Structures are given as structure tokens and as C-alpha cells.
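Visitor: Could you take me through one part of this model up close? I would like to look at the salt bridges, and then at whatever else you find worth showing.

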Amino acid sequence: MANKLSPKHLQFEKHKMKVNLAAQTLSSSVADAIEFLENVMELPDFTDSQGTVIFCRTIDRLFDMLNSRNPLGKGYKQPLRLNTQDIWESTLRSTADYLLSLKTDTVPAQLLSTHPRKTFIIGFVADIKSTIEMAHEMLSSTNNPFKYVLTYKYSQDHVELFFSCIRAQGGWNNNPNTLQLKYSLRKMLLRNAVTASKNANCTEFTDLTTITSTVIPFFHKRKHKTPLLDKDAEEEEEEDEEQPMVELLDQKGHSDFTANILFYIAGYIVSKLVKLLTCPDCITSLTSQPSTNPDQDCCGVRYNSAAAASAFTLFVNNGGLKIPSKSVFQIIEYAELVFKRNVCKEGKSISNKKNLKKTMIMSVCHHFVDIHQVLFAEHEDINERVFEDEHRIKLVKHCADQYLTLRLFTYAKRFNANVVQKGQPSDRHHLTKLILFKGQ
């Protein structure tokens, strides 16, 4: 549901020092998903979850205000300025009051600020009060006052990333001795920059480009080709797969939950294709055009092709999401059926066919050609335009290519996690010292 939740976020016991996991869990995207599942989908598992939504939005807002790093930031990510002191100071103080008012669900209720697990509340309140006092002193100084304050600049993320770089120099050994620390510091000084690992506790927001950031291609062609199958065996395999393929592709659409997800992904694909295409008619036909009826508002009913599947996209849209056209959504819906048949085989391994993605793209294109369905009718019809039909076919190929690439990547990532790790989290964080000092 348009968030970054993964098994690491759910099984966080062995990743308690990962700040980025906490920030991604208590985020506005998670709050939007919970609120949508409660109010729109009306799922019983999410009944009375308004308190969780408020808590996630409050923590997300506090994270944004305490990590402002762009002078041109908007909303809660904007820097602290003197002319907006009343706004950000009242917001921070109200957030501190909210955290101090949280209580346990026991009888009698106890304030969390006095509970043994009060650390996060005391830490946040201390950060809020320190930020207010420091910003007031820097912005109101009589000698060279600051124009604005970026709170990320004096956070401890920089120290965390620096320590992460030192640990990464030793490879498997993340507990260096004094001599290893000396050479690690020397190596980082010679590299002329400090670049943290993507698996560090904190996320690096500053873009650093160094001479060591050259990407080395690790991929190579397969040396041994797949042995050729016997012709009769190949024909039998095609016959065995033909009937299940027909049965799957004859399904009437998807569930409401899946349809909402596919519509959201279709909008993401449209935002990608808009940057790649040059034909103005193609770009226009990718997005849903609002109707000209003045009686309709600017919500989802204003869009002619926005069906019930657009509920989630319109629910989380703050003006920056693309609303795909009906043709794009139909292509994505059918591409999902083709993907499930060719890749997501129940009880079987992933297909080892060559050029699997190209085969699925051609299946999508042949489907819409065989049923004689006119897609992208918004594309302007001009007799002098020789490549009119070619444009529409290319749009189908582009949409299918973008979706299947994204789908294959995410499915392979999940498949590897289930096969290599057998669905279990890594014990490296939990047994790190035991592994390092084994035999000593």
C-alpha cells in the first residue's frame, strides 16, 4: 500500500538500532494505508485504528521537523525561520504535550513518561526543548543571527555514519582494534570523502560524489547455455501450459484490494513514461483527463476513466501523483494476469524460459490486438500521420515493459529471501560478538 514495510520492519527485535526502520514504520504512508483500509475498505482487522494513525502522523511530522536539511523545503520539512517561529514552536510544543499525555492500556492507566519504557518519550521531549532553545538563540542573536536553521545539521547521524564507515573497512570484522582503526582512518582520508553503507543505522541524506563511486559491472553472460529440449517434449510442455494459461486469463478482473494497488502502480509507470516519451499526444493519452462538466468537483468523480480502483490513489494523493488513463490500467491489469501465469506458479519453480520478459510483453500486445480493442483513443487521429498505429503499439509495449520489470524485480527479491534465508531473519546482528570472538 505505497509504503516501505518489509519483514525487517515487522521482525525488528534484531534491528533495534536501525533508525531508518523506525522512521519508515511510523510514517505518513503507513498511516494513509491504515486509514484507507479502515474507512474505505472497511476491513474488520483495522477497526478503531484512529489512535494508531494519529500516533504515526505525529511521529512522522516530528521526524520531518527534526531532520530539515533543505533551505527550500516545504511543509514540515522547511527550515526553522524567525518569521515562522510561532508556527513551528507551537507545533513542537503541542507534539511534546501529546507524547507526555500518552498512557498505558492497563487499569489504572499509567503515563508512559513514568513507565519503565519511557526512553523514547523523554528523548523526543528533550530533543524538542533543545531544538526550540537553540533555534531561538541562533535566530535572535544580536551578533550575526542565522537566517534559518537546518536541524539535520546538528543531529548525531553524522557520527553514526562515520562509525559505520569505520566498521565497514574491516569487512566481516566490525570490531576493529587500534591498529585497524588507524589504517581505516587513513584510508578514508585518502579517499577524500566518507560514504556510508546503505545498510547503516541512519540514512545518508547528503549527496556525495567521489572518485571511488564508479560503478563496476558484476554481471556477465552465462557461459553454459541451457540444454535444448527435445522437440516433442517442448510441444508437450506447451500443450500442458496452454490450458491453465487460458483459464487464468479468462478471469474477470482482480479483487478490490489488488485493483487499487495496480491502479497506484499504473500511476507510477505513467510518471516514468512521461519523462521518456517525446510525442505530446502519447503523453496526453497516458493520463486521465478531467471532464468538462463544471458541476463536478476536483475529486475522483471529475476523471472520466477513474473507476473504483482509483480510490486508494485519490485517497493518498496530495497533488503529486499521476492518474493513469483507462487504457493504461487495462494493460497493467492484463500484464498482472500474464505475470501470475508465467512466474507465480503454485507449487512449481520459476519458469526457466529464455527471454521471459519479452515473451510476456508479446503476450500482452497480442491480446489487445486479437480482441480488436482500441486503446488510447485520446491519441489524436491525423491522416498525414503515418505512424499513428505504431505509437499506440509502442505505448502498450512501454507500459507492459515498465510493469513487468518492476514486478520481476520485486518477486525475485522476495523469492530469494524465501529460498536463501528460508523466510527467517539473519542472525548476524544478534550473534555478532559471538561470531567475532569465537574460539578466543
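Guide: Happily; what follows is a walk through the salt bridges, then a helix, a surface patch and the cysteines. Please keep in mind that this is a predicted model.

A search of the whole structure finds six salt bridges. Let us start with Asp32 and Arg57, whose closest N and O atoms are 2.6 Å apart in a salt bridge. This pair links distant parts of the chain, since Asp32 sits in helix 3 (residues 28-39) and Arg57 in helix 4, 25 residues apart. Arg57 also meets Glu35 in a salt bridge, at 2.8 Å from N to O. Here Arg57 belongs to helix 4 and Glu35 to helix 3, so the pair ties together parts that are 22 residues apart in sequence.

How do these side chains stand in terms of burial? Asp32 is buried, because its relative accessible area is 16%, under the 20% limit. Glu35 also counts as buried, at 18% relative accessibility, whereas Arg57 is partly exposed, at 31%.

Another of the salt bridges joins the side chains of Arg407 and Glu336, 2.9 Å from N to O. Arg407 lies in helix 15 (residues 388-419) and Glu336 in helix 13 (residues 326-342), so this pair ties together parts that are 71 residues apart in sequence. Glu336 is buried, with a relative accessible area of 3%. Back at the earlier trio, salt bridges that share partners join Asp32, Glu35 and Arg57 into one network.

Now to helix 6 (residues 119-139). Its 21 residues reach 30 Å from the first C-alpha to the last, close to the 30 Å expected at 1.5 Å a residue. Among the buried residues of helix 6 are Ile121, Phe124, Ile128 and Leu139. The buried residues of helix 6 pack against helix 4 (50-65) and helix 5 (85-100).

On the surface, Val159, Phe162, Phe163, Leu181 and Leu185 form a nonpolar patch with about 390 Å² of accessible area together. Helix 7 (157-169) and helix 8 (178-191) each supply at least two of its residues, and the largest share, three residues, comes from helix 7. Leu181, placed in helix 8, is partly exposed at 34% relative accessibility.

Finally, the cysteines. The closest cysteine sulfur to that of Cys282 is in Cys279, 3.6 Å away, which is too far for a bond because a disulfide needs sulfur atoms within 2.5 Å. Cys282 is buried, with a relative accessible area of 4%, and Cys165 is buried at 3%. The count of disulfides comes to zero.

Conventions: Residues are numbered from 1 along each chain as its sequence is written. This is a predicted model: local features need pLDDT of at least 70, side-chain atom pairs count only at pLDDT 80 or more; totals for chains, interfaces and linings use all residues. Side-chain values use heavy atoms; hydrogens and water are left out. Patches are made of residues with over 30% relative accessible area and no salt bridge: like charges are joined within 9 Å, nonpolar side chains (Val, Leu, Ile, Met, Phe, Trp, Tyr) within 5 Å. Accessible areas come from the Shrake-Rupley method with a 1.4 Å probe; for residues, only the protein chains shown count as cover. A salt bridge is a side-chain nitrogen of Lys or Arg within 4 Å of a carboxyl oxygen of Asp or Glu. Helices (H or I, at least four residues) and strands (E, at least two) are DSSP runs, numbered from the N terminus. Buried means under 20% relative accessible area, exposed over 50%, partly exposed in between (1.4 Å probe, protein chains only). The expected span of a helix is 1.5 Å times one less than its number of residues. Contact means heavy atoms within 4.5 Å.
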